[in-house]
Amino acid sequence: MSRRGLDAAGLEVLRHGLAAVAEEMNADLIRTAYSPNVNERRDCSSAVLDASGRLVAQAESIPVHLGAMPFSVASACAAVRRWSPGDIAVMNDPYAGGAHLPDITFVAPVFVGHMLVAFVANRAHHADVGGKEPGSVAADCVEIFQEGLRIPPVKLWRCGRPDHDLLSLILLNVRTPEERRGDLEAQSAGCRVGVERVAALAARHGRDRLVDGMQAVLNYAERRMRDALSAIPKGKYAFEDALEDDGAGRGPLPIRVAVTSGGDTLEVDFTGSAPQTAGPLNAVPAVTASAVYFAVLAATDPTIPPNEGAFRPIQIHAPLGTILNPRPPAAVVGGNLETSQRIVDVLLGALGAARPAHAVAASQGTMNNVTFGGCDPRTARVYTFYETVAGGFGARPDQDGIDGVHAHMTNTLNTPIEALEKVYPLRVRRYELVAGSGGAGRWRGGLGIRREVEAVGHAARVSILSERRLSTAYGVAGGSPGRSGRNAVRRADGTMEDVPSKGVFTLEPGDALCVETPGGGGYGEPTERAPEDTERDRREGKL
């Protein structure tokens, strides 16, 4: 029993209550958003933090968002010296706590009486925030100024009233202002719900018990993480993989990690990784930390509450000036999207070496980012469309990898064909699994996806930012790697032209972009696969 009367059962009730607040915030954001990227793909996240900005609870949504959320709140608290009820701060600057410019973060304080007791925050990927190319995920940017509008931490709502001047400034610098306004309003609605629900928890449990309880939740997660880390044999474990290229002619770009287990602590050192690069694959510290936290939780005990307490025993060293800790004004949009995935690959590889019985094969290792932009001939209005494309999940020690899913640092859904074709002047020609793309093994790697999207009645500007087009997702324990992906353009006359993993180009009317995503790696010797499993795959057309 704590000094304020919060026993073990009460702690569990409060812990799940805080998590429920984050989930309700996210559900409200999804329901009220305008863009398919948020209301269909659910490319958004929500969290509850204590009055010091420490992450306490989060919705089970986008891993790359959530580990970075405390960086944004810390930046907001440093910039906003005085908070009032009804305030909401906005930011997206990667060099001030953000991740990449399309991810816009809202932060709102929670007051009980005159006391600041918590913050709530959410983050949504906006389908355009300006920049040199529609969709703001241009693969050929070489500095952040080309990537879009940078917003430092600043109040967008003051005492419940929007700052219309600042909102006008933001909307003037994006290609789809009405959609952006709708998503920003949805984020503010999510924050207001979070503020109300945390205040309701304070009314139910008592303000002081709520404050003490949040600290107890963090301490509980820390204890569980230390117990989980104690299961890793003491020692130093290294692993290396690489990004193929940066879109600006540089590559391969190695990502090297040395993980040192010290009993109930873990040191993660990225010394030896590639220097920061010209293209947009640089990952700011918030992104690097997000990937590390996700990988450690996934490899130890995913049931540990994912909060600041769980992260305390993990120390990260990413040398300044490297691709995992760049100096401004390096371009960073793909660091959040692609480099984060490779960080997970090397962490899981190193932790798998520490505990071979728990090793998993690599998943596709890319988000396969695609943006379309142009003028919709049906409405004569500008549109921007962004999505990531699913691929193969790596095989596990006791089962096949999952076919056609968004793996690791992205946890989004697909854009349903019906929604895509209704909202945008695009047509989905093909959407299917790629047979044989999973790595062979006792347990087969998951299959990649083939998705072909046509520009209908207009010329569309396209950017693609992808990986694993030359390299492959590694297998483990004798398993084979998954198949590489492929990008191509199917011209209106039926001819096919390969395009690189990263690039910006124009589709003429009737042309289609064809993306084949990588398969996951296999687990175990292929000769040990059960005949009935092979027969099932053949019957289902997966070989």
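Which residue stands opposite Cys514 in β20? In this predicted model, the residue in question is Glu452, and a good way to place the pair is to start from the sheet around it.

Five strands make up an open sheet, arranged in the order β14-β15-β20-β17-β18 with antiparallel pairing. At its edges lie β14 (426-433) and β18 (496-499), each of which pairs on one side only. From one strand to the next, the twist averages 20 degrees. As a reminder, strands of a sheet pair through backbone hydrogen bonds, either parallel or antiparallel.

Strand β20 deserves a closer look. In the strand order, β20 sits between β15 and β17. Strand β15, spanning residues 449-455, is joined to β20 by five bridges, and the two run antiparallel; here Glu452 is found opposite Cys514. Strand β17 (residues 486-490) likewise pairs with β20 (residues 512-516) in the antiparallel sense, over five bridges. Two residue pairs help to trace the register of β17 and β20: Val489 stands opposite Leu513, while Asn487 has Val515 as its bridge partner.

How enclosed is β20 by the rest of the structure? Because five of its five residues are buried, the strand is largely enclosed. The side chains can be sorted by direction: Ala512, Cys514 and Glu516 point one way from β20, whereas Leu513 and Val515 point the other way, and all of these residues are buried. Thus Cys514, the partner of Glu452, shares its direction with Ala512 and Glu516, and Leu513, the partner of Val489, shares its direction with Val515.

Attention now turns to a helix. Helix α5 covers residues 164-172, and its buried residues are Leu166, Leu167, Ile170 and Leu171. Viewed down the axis of α5, these buried residues fall within an arc of 130 degrees, so they line one face of the helix. The exposed residues His164, Asp165 and Leu172 are found on the other side of α5.

What covers the buried residues of α5? The covering elements include two strands, β3 (88-91) and β6 (154-158), together with helix α6 (177-205). At the N-terminal end, α5 is capped by Asp163, which has a side-chain oxygen 3.2 Å from the backbone nitrogen of Asp165. Asp165 therefore appears twice in this description, as the residue whose backbone nitrogen faces the cap and as one of the exposed residues of α5.

Conventions. Residues numbered from 1 in each chain as written. Predicted model: local features only at pLDDT ≥ 70, side-chain atom pairs only at ≥ 80, totals over all residues. Heavy atoms only, no water. Buried < 20%, exposed > 50% of the residue type's maximum accessible area, 1.4 Å probe, protein only. Helix = DSSP H or I, 4+ residues; strand = E, 2+ residues; numbered from the N terminus. Arc of directions from axis to C-beta. Contact = heavy atoms within 4.5 Å. Polar contact = N/O pair within 3.5 Å; in protein donor to acceptor, adjacent residues only side chain to side chain. Pairing = 2+ DSSP bridges. Axes fitted to C-alpha atoms, helices over the stretch in contact; angles between N-to-C directions.
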